[in-house]
Amino acid sequence: MTKKKSKVSEPAVALYHKPKMNVEDILRLDLADLDGPLARLDTFRDGLNKGSVESFKVLSGLDYETLADALGVSAKTLQRKEIFDTGQSEKLYQLADLYATGINYFGRDGFRRWMEQPLFTLNNRIPRDLIDVSEGIELLKTEIKRLQHGIAI
């Protein structure tokens, strides 16, 4: 008596590939609005709208006060303004880029927790407290990139 061999024609395990989070999705913009430095420059000068701010707010979990501080406006202005000026639009883009980087590495909930914990590498400062200055945002992106490459300290 011989055993029949079975042949599997498709993979036994399908791998789930999670799509990467990107700035366009976070701010609800078309790729053409951000595709290249000149397109971004024009988009920032035209101003991002309230929908982009609200979309970022929901994704980030930041309250109006924290987000308003980061953008350099009052919470009331943040809630009532329809189109944001060039500086605020550029800053929102930088924040969305930071969050895209962080979420792609940590996951959404993990990145929110990371943003709330003091970091030894930043003299025990809380990352969320650094997002009001562009240099702080760049510092946080550098920290995430260091982690991605296995550089702990």
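## A look around an all-helix chain

Asp132 is partly exposed, with 41% of its relative accessible area open. This is a predicted model, so keep that in mind as you click through it. Asp132 sits in the loop that runs between α8 (108-116) and α9 (134-148). Together with Asp63, Glu65 and Asp69, Asp132 makes up a negative surface patch.

Now for the overall build. The chain has nine helices and zero strands, so the pattern along the sequence reads α-α-α-α-α-α-α-α-α. Of its 153 residues, 39% are buried.

What about the inside? The largest nonpolar core has 37 residues, and the members touching the most others are Leu27, Phe56, Leu98, Tyr99 and Ile131. Helices giving two or more residues to this core include α1 (23-27), α4 (50-60), α5 (64-71) and α6 (75-80). The list also takes in α7 (86-106), α8 and α9. The largest share, eight residues, comes from α7.

On to the charged pairs. The count comes to four salt bridges, and here are three of them with their closest N and O atoms:

| Acidic residue | Basic residue | Closest N–O distance |
|---|---|---|
| Asp97 | Lys141 | 2.3 Å |
| Asp129 | Arg128 | 3.3 Å |
| Glu143 | Arg146 | 4.0 Å |

Take Asp97 and Lys141 to begin with. Asp97 is in helix α7 and Lys141 in helix α9, so their salt bridge ties together parts that lie 44 residues apart in sequence. Is Lys141 buried or exposed? Lys141 is buried, because its relative accessible area is 11% and the cut-off for buried is under 20%.

Glu143 and Arg146 are a more local affair: both lie in helix α9, three residues apart, which is about one turn of the helix. Glu143 counts as buried at 10% relative accessibility, whereas Arg146, at 25%, counts as partly exposed.

Which residues are joined into one network by salt bridges that share partners? They are Glu116, Arg128 and Asp129. Within this trio, Asp129 is partly exposed at 45% relative accessibility, and Arg128 is partly exposed too, at 24%.

Methods:
Residues are numbered from 1 along each chain as its sequence is written. This is a predicted model: local features need pLDDT of at least 70, side-chain atom pairs count only at pLDDT 80 or more; totals for chains, interfaces and linings use all residues. Side-chain values use heavy atoms; hydrogens and water are left out. Patches are made of residues with over 30% relative accessible area and no salt bridge: like charges are joined within 9 Å, nonpolar side chains (Val, Leu, Ile, Met, Phe, Trp, Tyr) within 5 Å. Accessible areas come from the Shrake-Rupley method with a 1.4 Å probe; for residues, only the protein chains shown count as cover. A salt bridge is a side-chain nitrogen of Lys or Arg within 4 Å of a carboxyl oxygen of Asp or Glu. Lys and Arg count as positive and Asp and Glu as negative; His and the chain ends are not counted. The place of a charge is taken as NZ of Lys, CZ of Arg, CG of Asp or CD of Glu. Helices (H or I, at least four residues) and strands (E, at least two) are DSSP runs, numbered from the N terminus. Buried means under 20% relative accessible area, exposed over 50%, partly exposed in between (1.4 Å probe, protein chains only). A nonpolar core is a set of buried Ala, Val, Leu, Ile, Met, Phe, Trp, Tyr and Cys residues joined through side-chain atoms within 4.5 Å.
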